[in-house]
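This briefing sets out the main architectural features of the structure shown below. The points are grouped by topic.

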Amino acid sequence: MPAPELSSGARAAAPRASLRRLWPLFREERPALALATLLLLVGSLAALAYPQGVRIIVDGATSRRDPAAVRDAALLLGALAVLQGLAVAGRAWLFGVAGERGVRRVREQLFRSLVSQEVAFFDGQRTGALQSRLASDTAALQALLSSQLSMALRNGVQVAGALALLVYTSPRLTAVMLSVIPAVAFGAVFYGRKIRGLSRRSQDALAEAGHVAEESLSAIRTVRAFAAEDAEDRRYGAAVARAFALARARVLAGSVFLGATYAGVYAAIAVVLGYGGALVAQGALTAGALTAFLVYTLLIAMGLGTLADNWAEAMRGLGAAERVFELVDRAPAMALRGGRRLERVAGRVAFEDVRFSYPLRPEAEVLHGIELVVEPGEVVALVGPSGAGKSTLGALLVRLYDPSAGRVTLDGHDLRELDPSWLRAQVGVVSQEPVLFSTSVAENVRYGRPGASDAEVREALAGANALDFVQGFPDGLATRVGERGQQLSGGQKQRVAIARAILKDPRLLLLDEATSALDAGSEALVQEALARLMRGRTAIVIAHRLSTVVGADRVVVIDGGRVIESGGHAALVSRGGAYARLVERQVLRG
Ligand SMILES: Nc1ncnc2c1ncn2[C@@H]1O[C@H](COP(=O)(O)OP(=O)(O)OP(=O)(O)O)[C@@H](O)[C@H]1O
């Protein structure tokens with residue numbers, strides 16, 4: 001089943017669904033959010049009371065000529081200012097921290113979901129796109145949760161409160177002002193949608209650019225070797241240009257949106273002043289009431305202006321939330337845990353009429369009915385031309401994929417009935433290009449068995465012929481190996497990977513011999529370590545060296561997704577078939 005390309009799926013029900021999905025993240029934050037809401041109301045009420053003080057001051061200074069009232073009202077305004085400042089700071093802090101906590105949970109959930117997905121899912125995804133989900137989408141979500149929502153709430157309360165007071169002061173004047181508002185609101189909804197679509201596309205384009213950069217940087221040696229810096233530069237430049245074009249369209253839409261909103265609001269003020277001034281001239285309204293009216297209108301104007309901004313930002317955040325939750329909620333096609341665990345493992349592996357095509361390329365069958373039994377303790381060397389399907393067999397053994405037909409069994413049990421994590425604990429894998437993490441040598445070895453003691457790590461390194469060179473490093477076992485272990489030679493990396501497998505002490509081994517030649521000394525050390533590792537275990541070795549094949553109990557030749565020959569090295573050579581030809585053509589290095 002092909003993994004769907006991200007973020008192209010159904011999005012129709014988006015914003016509300018995302019909001020509903022966000023709420024559970026804040027369960028523990030409820031007391032803080034309640035207090036924050038209270039502060040929000042206090043702050044908003046203080047802001048709404050402010051124009052009343054202004055009205056008293058203006059009327060006290062003009063028609064009523066009452067200095068005491070002016071002084072009292074000024075003191076009240078000062079108190080309101082302090083109250084509002086405290087309330088705003090408290091609200092921002094509480095909402096902000098709650099938002100950060102929620103985003104932290106989303107990040108954790110997203111990462112957990114990502115690492116739990118089946119391998120086939122990653123075949124269809126680019127690492128850069130997934131990283132962008134973790135980085136930029138969660139950042140947009142963070143902005144939404146820690147500030148946008150609370151600002152929107154505050155502005156919403158203020159606009160509603162100011163409107164109510166306006167109606168109370170002069171319904172006619174309010175009606176006049178409101179005659180301009182629906183147009184603004186309509187524009188906001190229309191443009192909000194447009195901006196949201198654009199912002200999603202621009203984020204996709206940015207992820208694409210990130211992918212290009214990641215690919216070039218992680219392959220910097222290849223880029224340098226081919227002097228391809230300029231070409232990479234152009235490739236990245238083109239990707240960034242696409243992202244920029246979309247971002248510009250988004251910014252343009254946002255700017256028009258903002259401009260239209262402001263124009264609408266300022267027009268409303270002009271109307272209010274014109275009509276309200278006439279009412280004052282007729283004596284239907286005091287100058288103070290008109291001033292208060294104007295301040296409320298400004299409050300509404302600012303509130304709406306920021307709301308429009310909030311709206312655009314919130315749409316961006318919700319777009320991001322959608323994409324994040326799409327992944328958080330994705331159920332892996334293959335669970336990590338659950339199923340039988342065998343008490344004892346003898347180590348008999350059987351491929352029974354196994355057919356397989358990679359999920360992303362269902363039309364191209366890679367294995368066409370593989371029959372292969374590996375007895376407990378047997379060392380089987382798989383040989384065959386490149387692309388024959390050898391690594392694919394290995395991938396099925398650790399259940400990175402399931403066969404399309406037929407079955408793979410361990411001691412007679414279909415792998416699909418076994419607990420995948422338990423199964424993987426039974427298999428030690430040493431791959432062609434061992435991956436070391438950017439941490440210490442000891443931690444890299446301990447990846448085989450977390451919690452192993454230093455002495456055990458040391459012993460494993462010794463068994464892998466790696467202890468000497470590791471102890472030769474100034475920091476010994478604590479030496480950090482760079483990103484992907486770049487400070488180690490190929491042979492050294494191999495031996496650290498072997499130490500990892502020794503520490504894991506699995507019943508089954510899956511070894512993918514390095515195709516690249518190591519120098520003779522290093523080669524001998526690796527071979528010796530491997531031989532020690534294989535002793536007493538069932539081993540499937542994807543072999544590229546004659547010495548490995550000669551040392552194996554049995555050689556199995558795979559070609560075109562089929563087992564075409566099987567037997568001892570000498571017997572197969574004398575048979576003069578496909579294997580003999582491989583040896584002759586020196587496909588297997590001596
Ligand atoms: N993730 C994948 N998605 C789709 N097709 C794949 C994938 N991995 C491998 N293939 C295809 O499956 C076929 C078998 O590949 P496999 O890696 O098993 O060959 P191999 O015998 O191990 O080759 P080599 O000795 O070169 O490593 C190839 O045609 C390859 O293109």
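According to the unreviewed UniProt entry, the annotation "transmembrane region" applies to residues 73-97, 175-192, 251-275 and 287-308. The model is a predicted one. The points below take up two of the annotated spans, then an open sheet of 6 strands, and lastly the nonpolar cores.

**Annotated spans**
- Residues 73-97 are 100% helix and 0% strand, and the C-alpha atoms at the two ends of this span are 36 Å apart.
- Residues 251-275 are likewise 100% helix and 0% strand, with 36 Å between the end C-alpha atoms.

**Sheet architecture**
- The open sheet has the strand order β6-β7-β8-β3-β9-β10, with mixed pairing.
- Its edges are formed by β6 (427-430) and β10, each of which pairs on one side only.
- On average, neighbouring strands of this sheet are turned by 20 degrees against each other, direction ignored.
- Helix α11 (residues 390-397) lies across β3, β6, β7 (508-512), β8 and β9, and runs at about 145 degrees to β8.

**Strand pairings in the sheet**
- Strands β3 (residues 379-383) and β8 (residues 538-542) are parallel and are paired through 4 bridges.
- Within the pairing of these two strands, Val-379 stands opposite Ala-539 of β8.
- Strands β9 (residues 554-559) and β10 (residues 562-567) run antiparallel and are joined by 5 bridges.
- Val-556 has Ser-566 in β10 as its bridge partner.
- A hairpin is formed by β9 and β10, with 2 residues between the strands; in the turn, Gly-560 has a positive phi of about 55 degrees.

**Nonpolar cores**
- The largest nonpolar core contains 68 residues, and those touching the most other members are Ala-381, Leu-382, Val-383, Ile-498, Ala-499, Val-541 and Val-555.
- Helix α16 (residues 490-504) gives the most to this core, contributing 7 residues.
- Beyond its neighbours within four places in sequence, Leu-382 is in contact with Lys-390, Leu-393, Ile-540, Val-541, Ile-542, Ala-543, Val-556 and Ile-558.
- A second core, separate from the largest, comprises 45 residues, among them Val-159, Val-272, Tyr-296 and Phe-325.

Conventions: Residues numbered from 1 in each chain as written. Predicted model: local features only at pLDDT ≥ 70, side-chain atom pairs only at ≥ 80, totals over all residues. UniProt positions renumbered as here; feature names shortened; annotations may be inferred. Pairing = 2+ DSSP bridges. Axes fitted to C-alpha atoms, helices over the stretch in contact; angles between N-to-C directions. Contact = placed C-beta atoms within 7 Å. Core = buried A, V, L, I, M, F, W, Y, C linked by C-beta atoms within 7 Å. Buried ≥ 20, exposed ≤ 12 C-beta atoms within 10 Å, placed from the backbone.
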